[in-house]
Amino acid sequence: MTPEAMKALGHVAVKAWNEGRIELLDEVYAPTYRNHFNGETLDMLKQSLLATRAAFSGFTLTIDDQIVEGDRGVTRWTATRTAFSVGS
């Protein structure tokens with residue numbers, strides 16, 4: 001995979017989060033995806049995306065930087081949302 005193609009995957013993932021399009025995650029993650037830190041599967045990640053967007057109005061990811069070296073790549077991003085308070 002070319003460095004440009006690897007960076008494009010980062011853009012697809014960010015688009016999925018920004019637009020709530022969980023089907024785009026299928027282009028970025030293998031069906032057997034497993035986050036070894038918390039055990040999250042691809043289906044769990046999709047539900048997390050939907051729950052996060054439902055909980056935080058105006059949730060947006062912005063790509064700050066992308067680095068590709070050999071067969072590894074990283075996308076550094078910032079998340080923002082609209083803050084609100086619930087009456088006491």
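How many nonpolar, polar and charged residues form the lining of the largest pocket? The structure considered here is a predicted model, and its largest pocket offers a suitable point of entry. By class, 12 residues of that lining are nonpolar and three are polar, while no charged residue takes part.

Rolling a probe the size of a water molecule over the atoms shows where empty space is left. In this model, the largest pocket holds about 270 Å³ of space. Its lining is made up of 15 residues, and those nearest the centre are Ala 13, Trp 17, Tyr 29, Leu 61 and Trp 77. Helices α1 (3–19), α2 and α3, together with strand β2, are the elements that each give two or more residues to this lining. The most is given by α1, which supplies five residues.

The discussion now turns to charged side chains. Side chains of opposite charge can pair when their charged atoms come close. The model contains four salt bridges by the rule applied here.

One of these salt bridges connects Asp 26 and Lys 46, whose closest N and O atoms are 2.7 Å apart. Asp 26 belongs to helix α2 (residues 25–28) and Lys 46 to helix α3 (residues 42–55), so this salt bridge ties together parts that lie 20 residues apart in sequence. The two partners are placed as follows: Asp 26 is partly exposed, at 44% relative accessibility, whereas Lys 46 has a value of 12% and therefore counts as buried, the limit for that class being under 20%.

Another salt bridge is found between Asp 64 and Arg 76, with 3.8 Å between the closest N and O atoms. Here the pair links distant parts of the chain, since Asp 64 lies in strand β1 (residues 60–69) and Arg 76 in strand β2 (residues 72–80), 12 residues apart. Asp 64 is partly exposed at 36% relative accessibility, and Arg 76 is partly exposed at 49%.

There is also a network: Glu 19, Arg 21 and Glu 23 are joined into one by salt bridges that share partners. Within this network, the side chains of Arg 21 and Glu 23 meet at 3.0 Å, N to O. Arg 21 counts as partly exposed, with 30% relative accessibility, and Glu 23 is likewise partly exposed, with a relative accessible area of 41%.

Notes
Residues numbered from 1 in each chain as written. Predicted model: local features only at pLDDT ≥ 70, side-chain atom pairs only at ≥ 80, totals over all residues. Heavy atoms only, no water. Buried < 20%, exposed > 50% of the residue type's maximum accessible area, 1.4 Å probe, protein only. Helix = DSSP H or I, 4+ residues; strand = E, 2+ residues; numbered from the N terminus. 1 Å grid on protein atoms, 1.4 Å probe; cavity = no way out; pocket = protein on both sides within 12 Å on 5 of 7 lines; lining within 4 Å. Points joined across faces, edges and corners; volume = space filled by probe spheres on them. Nonpolar A, V, L, I, M, F, W, Y, C, P; charged D, E, K, R; others polar.
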